[in-house]
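Some labels put on a structure only make sense next to the cut-off behind them. The questions below ask for that reasoning.

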Amino acid sequence: MLASFACDPSTSRGRLYPEEESAHRSCFQRDRDRIIHSSAFRRLKHKTQVFIEHEGDYFRTRLTHSIEVAQVARTMANTLGLNQELAEAIALAHDLGHTPFGHTGEDAMHDLMAPYGGFDHNAQALRIVTSLERHYAEWDGLNLTWETLEGIAKHNGPVTGDLPYALRDYDAQHDLELYTYASAEAQVAALSDDIAYNNHDLHDGLRAELFSTDELAEMPILKECFAEVDKRYPDLNYYRRRHEALRRFFGVLVTDVLAVTQRNLAALDPQSPHDIRMAGRQIVAFSDPLWQDLKIIRQFLFTRMYRAPSVVVMREKVTQVVRELFPYYMAQPDQLPKQWRKDVAEVESEVALARIVADYIAGMTDRFALQEHRRIFDIDVVEGLMTAQDISK
């Protein structure tokens, strides 16, 4: 049973290109399935979360991260009476627009695209699902429902001011009401992203030996989680102990969001998804005390993991890859693959060419970007680099 403020597939605002409904799946289920079967989703397997692919098989990638986000989103959506398929679809699609090499690649791409309208991974995700996926006979993109597109575009809140061109161009033909908050399902997907990466980045940082279990056991929230494990399992071995503590940490975050959101919903008493969108604030949220504690953990991760020496060295190297590929293709667009050269033949400005080049490079996996850079420049930027474990020892 869906809550009154949940997005009901029977009352969806529909798709840009009308099509017959499925006899077996709701419109939001079809959205989810189209995302899973998209080329961009498959490429997430070889795109960076924090560590570049060659650094280890056990670290999270954008694909495993997206699956973990979707799992949290389904759990919370179900508890809150929301549409699970819509929350899952938005969660699975939220990182489709990431460049190779994660936020490092995005920073480099944003600088390169500054003269041409900038680059934003959320906007690029929308561009992918509305234009760049070209498999269907009757339209470009995946022709997702309005609700899924809205969630991709503004799951982090209203989008105001100077819009990224990918958002501006699409919104001009299919109004996503960017000035409002998103549905409760989209807000759930956004908080699920925060929960998933804060949890799994602690796992990956421990595996990379960038910090110790003892250090985590002194952090806010985590201190209580370790104490509970030690009390219940006093002789637990090192690996099981930290796993048990981190799974409790995961549960604390989910439980906190659910409790706060249920209080917010009771106070607002929304009768429709529109009431959620017009509430003037995020309804799905962490409590203030937990958010303050979580900021301490996030700062710890920033210092000890995201800016660890090994990660910084790799960031510099892969930034070189993106910075050198972009001007190369701008100067020699005939070196783009055949299907991309068809688009180049139709461009009438340098801005249009730059956006094609950005689309192409942003779609690359880490592996392919490194291979292309090596092929073109005869340089292996990661050869001989130490891994995170090497540098930390």
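The turns below deal with a predicted model and take up cysteines, helices, backbone angles and empty space.

Q: Why is Cys 27 said to be in no disulfide?
A: A disulfide needs two cysteine sulfur atoms within 2.5 Å. The nearest cysteine sulfur to that of Cys 27 belongs to Cys 7 and is 9.6 Å away, so the pair does not meet the 2.5 Å limit. The structure holds 0 disulfides.

Q: Why is Cys 27 called buried?
A: Buried means under 20% relative accessible area. Cys 27 has a relative accessibility of 5%, so the label applies. Cys 225, with a relative accessible area of 3%, is buried too.

Q: What makes the span of α18 close to the expected one?
A: Helix α18 covers residues 366-377, which is 12 residues. The expected span is 1.5 Å times one less than the number of residues, and for α18 that comes to 16 Å. From first C-alpha to last, the helix reaches 16 Å.

Q: Which residues of α18 are buried, and why are they said to lie on the same side?
A: They are Asp 366, Ala 369, Leu 370, Glu 372, His 373 and Ile 376. Because these residues cover an arc of only 165° around the axis, they are on the same side of α18. The elements that cover them include α15 (309-331) and α17 (350-362).

Q: What makes Asp 378 stand out in its backbone, and where is Asp 378 placed?
A: Most residues other than glycine have a negative phi. Asp 378 is not a glycine, yet its phi is positive, about 55°. Asp 378 comes just after α18, in the loop between α18 and α19 (388-392).

Q: Is Asp 378 buried or exposed?
A: Exposed means over 50% relative accessible area. Asp 378 has 68%, so Asp 378 is exposed.

Q: What is the phi of Phe 101, and is Phe 101 buried or exposed?
A: Phe 101 has a positive phi of about 70° and is not a glycine. The residue lies in the loop between α4 and α5. Its relative accessibility is 2%, so Phe 101 counts as buried.

Q: Why is α4 called mostly covered?
A: In this helix, residues 84-93, 9 of the 10 residues are buried. Among them are Glu 85, Leu 86, Glu 88, Ile 90 and Leu 92. The cover over the buried residues of α4 includes α1 (27-36), α2 (39-43), α3, α6, α7 (146-154) and α9.

Q: What makes a space in this model a cavity, and how many of 30 Å³ or more are there?
A: A cavity is a set of points where a 1.4 Å probe fits but cannot get out. The structure holds 1 cavity of 30 Å³ or more. The largest cavity has about 40 Å³ of space. Its lining consists of Gly 118, Phe 119, Asp 120, Ala 123, Gln 124, Pro 164, Tyr 165 and Ala 166. The elements that give two or more residues to this lining are α6 (121-132) and α8 (165-171).

Q: What is the volume of the largest pocket, and which residues are closest to its centre?
A: The volume is about 890 Å³. The lining has 42 residues, and those closest to the centre are His 103, Tyr 197, Asp 201, Arg 298 and Tyr 306.

Q: Which helix gives the most to the lining of the largest pocket?
A: That is α14, with 7 residues. The elements that each supply at least two residues include α3 (62-80), α5 (102-113), α9 (184-207) and α14 (288-306).

Key: Residues numbered from 1 in each chain as written. Predicted model: local features only at pLDDT ≥ 70, side-chain atom pairs only at ≥ 80, totals over all residues. Heavy atoms only, no water. Buried < 20%, exposed > 50% of the residue type's maximum accessible area, 1.4 Å probe, protein only. Helix = DSSP H or I, 4+ residues; strand = E, 2+ residues; numbered from the N terminus. Arc of directions from axis to C-beta. Contact = heavy atoms within 4.5 Å. 1 Å grid on protein atoms, 1.4 Å probe; cavity = no way out; pocket = protein on both sides within 12 Å on 5 of 7 lines; lining within 4 Å. Points joined across faces, edges and corners; volume = space filled by probe spheres on them.
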